[in-house]
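Welcome! Take a moment with the structure below, and then let us walk through it together.

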Amino acid sequence: MSDASTVLSDSSIQAARELRVLVSRLRRRFLEASDNLELTPSQLSVLSRLKRGDATASAIAAAERVRPQAIATHLGILIERGFVERRPDPKDGRRQLVSLTAAGVELMAGRAQAGQEWLASALEEKYTEAERQTVLAALDLLERLGPQ
């Protein structure tokens with residue numbers, strides 16, 4: 001994060017703008033390539049959170065920055081469709097944990113695979129080997145933006 005005394009170059013501003021737009025477009029395209037189940041973005045976000053491990057409904061609501069009632073609705077649909085389940089928390093029987101079912105794990109793995117296959121095919125079709133190597137070099141540079 002920059003402070004008020006930092007002057008940003010035109011190239012930094014342009015690169016930030018274009019990268020943000022590209023990431024948004026690629027994200028939408030990944031979703032299109034891998035979603036034929038008519039799940040909402042919010043439902044998919046809940047499933048993605050549960051890939052990291054079990055959670056309470058209130059913890060999911062807090063992480064998603066929505067009201068618990070909204071998460072309850074999403075969880076109800078996901079439970080009905082067999083992608084998540086509730087079970088008692090072994091550490092506190094008054095609470096319930098939500099977790100992915102085997103079908104939920106399979107769904108998320110399939111979505112990731114479908115998105116990767118789409119992207120690999122697009123890279124193969126639209127870029128030369130030299131251009132793909134340039135993309136790989138750029139990704140090495142962009143990796144510095146991530147958490148250390």
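## A trio of charged residues

In this predicted model, Glu129 forms a salt bridge with Arg132, and their closest N and O atoms are 2.9 Å apart. The two residues sit three places apart in helix 6, so about one helical turn separates them. That spacing fits a general pattern: an α-helix has 3.6 residues a turn, so residues three or four places apart point the same way.

Arg132 also forms a salt bridge with Glu124, where the closest N and O atoms are 4.0 Å apart. Glu124, Glu129 and Arg132 are therefore linked in a network of salt bridges. How buried or exposed is each of the three? Arg132 counts as buried because its relative accessibility, 17%, is under the 20% cut-off. Glu129 is partly exposed at 46%, while Glu124 counts as exposed at 54%.

## A salt bridge between distant parts of the chain

The whole structure holds six salt bridges. One of them joins Arg87 to Asp54, with the closest N and O atoms 2.1 Å apart. Where do these two partners sit? Arg87 belongs to strand 1, whereas Asp54 lies in the loop between helix 2 and helix 3, and the two are 33 residues apart, so this pair links distant parts of the chain.

Both partners count as partly exposed: Arg87 has a relative accessibility of 29%, and Asp54 has one of 41%. As a general point, side chains of opposite charge can pair when their charged atoms come close.

## The nonpolar core

Now let us turn to the interior. The largest nonpolar core has 17 residues, and those that touch the most other members are Leu39, Val46, Leu47, Leu50, Ile60, Leu78 and Val84. Which elements give two or more residues to this core? They are helix 2 (41–51), helix 3 (57–64), helix 4 (68–80), strand 2 (92–100) and helix 5 (102–126). Helix 2 gives the most, with four residues. In soluble globular proteins, nonpolar side chains tend to be buried together.

Leu50 is a good residue to look at more closely. Setting aside neighbours within four places in sequence, Leu50 is in contact with Ala55, Ile60, Val84, Val98, Ser99 and Leu100.

## One side of helix 2

Helix 2 has five buried residues to find in the model: Gln43, Leu44, Val46, Leu47 and Leu50. Why are they on the same side of the helix? They cover an arc of only 155° around the axis, which puts them on the same side of helix 2. The cover over these buried residues includes helix 1 (10–34), helix 3, helix 4, strand 1 (84–89), strand 2 and helix 5.

After helix 2 comes Gly53, whose phi is positive, near 140°.

## A positive phi at Arg65

Most residues other than glycine have a negative phi. Arg65 is not a glycine, yet it has a positive phi of about 60°. You can find Arg65 in the loop between helix 3 and helix 4. With 77% relative accessibility, Arg65 counts as exposed, because the cut-off is 50%.

## Leucines at the surface

Nonpolar residues also appear on the outside of this model. Leu136, Leu139, Leu142 and Leu145 form a nonpolar patch on the surface, and together they have about 390 Å² of accessible area. Of these, Leu142 is placed in helix 6 (residues 129–142). Leu142 is partly exposed, with a relative accessible area of 36%.

## Two distances across the model

To get a feeling for scale, try two pairs of residues. Thr134 lies in helix 6 and counts as exposed at 53% relative accessibility. How many Å separate Thr134 and Ile71 in space, C-alpha to C-alpha? They are 42 Å apart, with their places 63 residues apart in sequence as the separation.

The second pair begins with Ser24, which lies in helix 1 and is partly exposed, with a relative accessible area of 34%. Ser24 and Gly82 are 58 residues apart in sequence, and their C-alpha atoms are 29 Å apart in space.

Key: Residues are numbered from 1 along each chain as its sequence is written. This is a predicted model: local features need pLDDT of at least 70, side-chain atom pairs count only at pLDDT 80 or more; totals for chains, interfaces and linings use all residues. Side-chain values use heavy atoms; hydrogens and water are left out. Patches are made of residues with over 30% relative accessible area and no salt bridge: like charges are joined within 9 Å, nonpolar side chains (Val, Leu, Ile, Met, Phe, Trp, Tyr) within 5 Å. Accessible areas come from the Shrake-Rupley method with a 1.4 Å probe; for residues, only the protein chains shown count as cover. A salt bridge is a side-chain nitrogen of Lys or Arg within 4 Å of a carboxyl oxygen of Asp or Glu. Buried means under 20% relative accessible area, exposed over 50%, partly exposed in between (1.4 Å probe, protein chains only). A nonpolar core is a set of buried Ala, Val, Leu, Ile, Met, Phe, Trp, Tyr and Cys residues joined through side-chain atoms within 4.5 Å. Contact means heavy atoms within 4.5 Å. The arc is that of the directions from the helix axis to the C-beta atoms.
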